[in-house]
Amino acid sequence: MAAQKINEAHEHIAKAEKCLKTSLTKWKPDYDSAASEYSKAAVCFKNAKQYEQAKDAYLKEAEYQTENKTAIEQAGMMMKEQKKMPEAIQYIEKACMMYMENGTPDTAAMALDRAGKLIEPLNLEKAVDLYQKAAGVFENEDRLRQAVEMLGKASRLLVRLRRLDEAAVAVQKEKNMYKEFENFPMCYKKTTAQVLIHLHRGDFVAADKCVRESYSLPGYSGSEDCVAMETLLQGYDEQDEDQVYRVCNSPLLKYMDNDVRAVWSLAVLYSQLPPQAKRVTAASMISSCMRRSGFTSTRNNSPVLVIYRFAGMT
């Protein structure tokens, strides 16, 4: 079967090359027909799992049919099949630029999203860049729901990368977008995300400010989310460990993942440590808090998961 497909592919390439030839009766190459034959050859190579040859055929198609941007993206996907992710992303980004130039920004943004998903397991920094670019394209097109989804993906990875200053800015932008199209429950979640991020940054003032600014959100003041944050911040400020543990066992958090609940204990525990002890890593502190809280499972208890799971950043 594979051999048959490879033979078919070579037949299409021969036809494409014939279309490009000129003669006494044919003065101009037939670029459209050549591109069509290269496209068929690429599909045959792809079906035969000859991905490098398929990539070359897609690039030939793009060369002779310049308005066809999907061929370049497909070339990137062939690199992906060969596990050559950096090269794959280069082709997809090139296709995105051409989508933008061709007046199809939505297609460009969706391609950037796909590229982000491809590279995320290998290169978080690059994935953040791609998601942020996708968010920017969607935002420029006034597609805020899609933009905020991309921002959420970027925020999650920024937390994982410990780039918490940038994560705080990204979450604020998410919150502003949710507020713009009046999804206030998500605004509440983003306020919680902000508080947790700022506390991990060691900035109690910024965490408190986020809650105070959220009082202007319809329904937030006096809500379960608001009361939990106020109680957490009060316990953190007063170094009242019991109060923070009560928050951990409140109805709002009781059925959350263990690692999510543990971070609430982390806040007050960290505030009570002497300055020299605060150099202990966040991971070890969370482990300590979990043991004290009776949480024994260590699976998926990375401190970077603590923030974004509860805060709707997954």
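Modeller: A helix here is a DSSP run of H or I that covers at least four residues, and helices are numbered from the N terminus. Please keep in mind that this is a predicted model.

Biologist: Happy to. How many helices and how many strands does the chain have?

Modeller: The chain has 314 residues, and buried residues make up 48% of them. Among contacts with a separation of 6 or more, 55% join residues 24 or more positions apart. As for the elements themselves, the count is 16 helices and zero strands.

Biologist: Let's start with Leu124. Is Leu124 buried or exposed?

Modeller: Leu124 lies in helix α7. Its relative accessible area is 17%. The cut-off for buried is under 20%, so Leu124 counts as buried.

Biologist: Which residues is Leu124 in contact with, leaving aside its neighbours within four places in sequence?

Modeller: One partner is far along the chain: Leu161 is 37 residues from Leu124, yet their C-alpha atoms are separated by 7.5 Å. With the sequence neighbours within four places set aside, the contacts of Leu124 are Leu157, Arg160 and Leu161.

Biologist: Helix α8 spans residues 144–160. How many of the residues of α8 are buried?

Modeller: Helix α8 has 17 residues and reaches 24 Å from first C-alpha to last, close to the 24 Å expected at 1.5 Å a residue. Just after α8 comes Arg162, with a positive phi of about 65°. The helix is mostly covered, and its buried residues number 13 of 17.

Biologist: How are α5 and α7 oriented, roughly parallel or roughly antiparallel?

Modeller: Helix α5 covers residues 85–101 and helix α7 covers residues 124–140. Their axes are 13 Å apart and pack at an angle of about 10°. Angles under 35 degrees count as roughly parallel, so the arrangement of α5 and α7 is roughly parallel.

Biologist: And what kinds of residues make up the contact of α5 with α7?

Modeller: From α5 come Ile89, Glu93 and Met100; from α7 come Lys126, Asp129, Leu130, Lys133 and Val137. Divided by type, the residues of this contact are four nonpolar, no polar and four charged.

Biologist: Which residue forms a salt bridge with Glu93?

Modeller: Side chains of opposite charge can pair when their charged atoms come close. Glu93 is buried at 17% relative accessible area, while its partner is partly exposed at 24%. The pair ties together parts that are 33 residues apart in sequence, since one member lies in α5 and the other in α7. The closest N and O atoms are 3.1 Å apart, and the partner of Glu93 is Lys126.

Biologist: There is also a pair inside one helix, Lys5 and Glu8. How far apart are the closest N and O atoms of Lys5 and Glu8?

Modeller: Both residues lie in helix α1 (residues 2–20), three residues apart, about one turn. An α-helix has 3.6 residues a turn, so residues three or four places apart point the same way. Lys5 is buried at 18% relative accessible area, whereas Glu8 is partly exposed at 24%. In this salt bridge the closest N and O atoms are separated by 3.8 Å.

Biologist: What about Arg163: which residue forms a salt bridge with Arg163?

Modeller: Arg163 is partly exposed, at 25% relative accessibility. Its partner is partly exposed as well, with a relative accessible area of 38%. Their closest N and O atoms are 2.8 Å apart, and the partner is Glu166.

Biologist: How many salt bridges does the structure hold?

Modeller: Some residues are linked in a network of salt bridges, namely Glu52, Lys55, Asp56 and Lys84. Across the structure, the number of salt bridges is 23.

Biologist: Now the loops. Where does Lys49 lie?

Modeller: Lys49 is not a glycine, although its phi is positive, about 65°. At 58% relative accessibility it counts as exposed. Its place is the loop between α2 (31–47) and α3 (51–64).

Biologist: And what is the phi of Glu182?

Modeller: Glu182 lies in the loop between α9 (164–180) and α10 (184–200). It is exposed, with a relative accessible area of 59%. Glu182 is a residue other than glycine with a positive phi, near 60°.

Biologist: One more: how far apart in space are Thr107 and Thr70, C-alpha to C-alpha?

Modeller: Thr107 sits in helix α6 (residues 105–119) and is partly exposed, at 29% relative accessible area. Along the sequence, Thr107 and Thr70 are 37 residues apart, while the C-alpha to C-alpha distance is 9.8 Å.

Definitions and conventions. Residues are numbered from 1 along each chain as its sequence is written. This is a predicted model: local features need pLDDT of at least 70, side-chain atom pairs count only at pLDDT 80 or more; totals for chains, interfaces and linings use all residues. Side-chain values use heavy atoms; hydrogens and water are left out. Helices (H or I, at least four residues) and strands (E, at least two) are DSSP runs, numbered from the N terminus. The expected span of a helix is 1.5 Å times one less than its number of residues. Buried means under 20% relative accessible area, exposed over 50%, partly exposed in between (1.4 Å probe, protein chains only). Axes are lines fitted to C-alpha atoms, for helices over the stretch in contact, and angles run from 0 to 180 degrees between N-to-C directions. Angles under 35 degrees count as roughly parallel, over 145 as roughly antiparallel, 65 to 115 as roughly perpendicular and the rest as oblique. Contact means heavy atoms within 4.5 Å. Ala, Val, Leu, Ile, Met, Phe, Trp, Tyr, Cys and Pro count as nonpolar, Asp, Glu, Lys and Arg as charged, and the others, Gly among them, as polar. A salt bridge is a side-chain nitrogen of Lys or Arg within 4 Å of a carboxyl oxygen of Asp or Glu.
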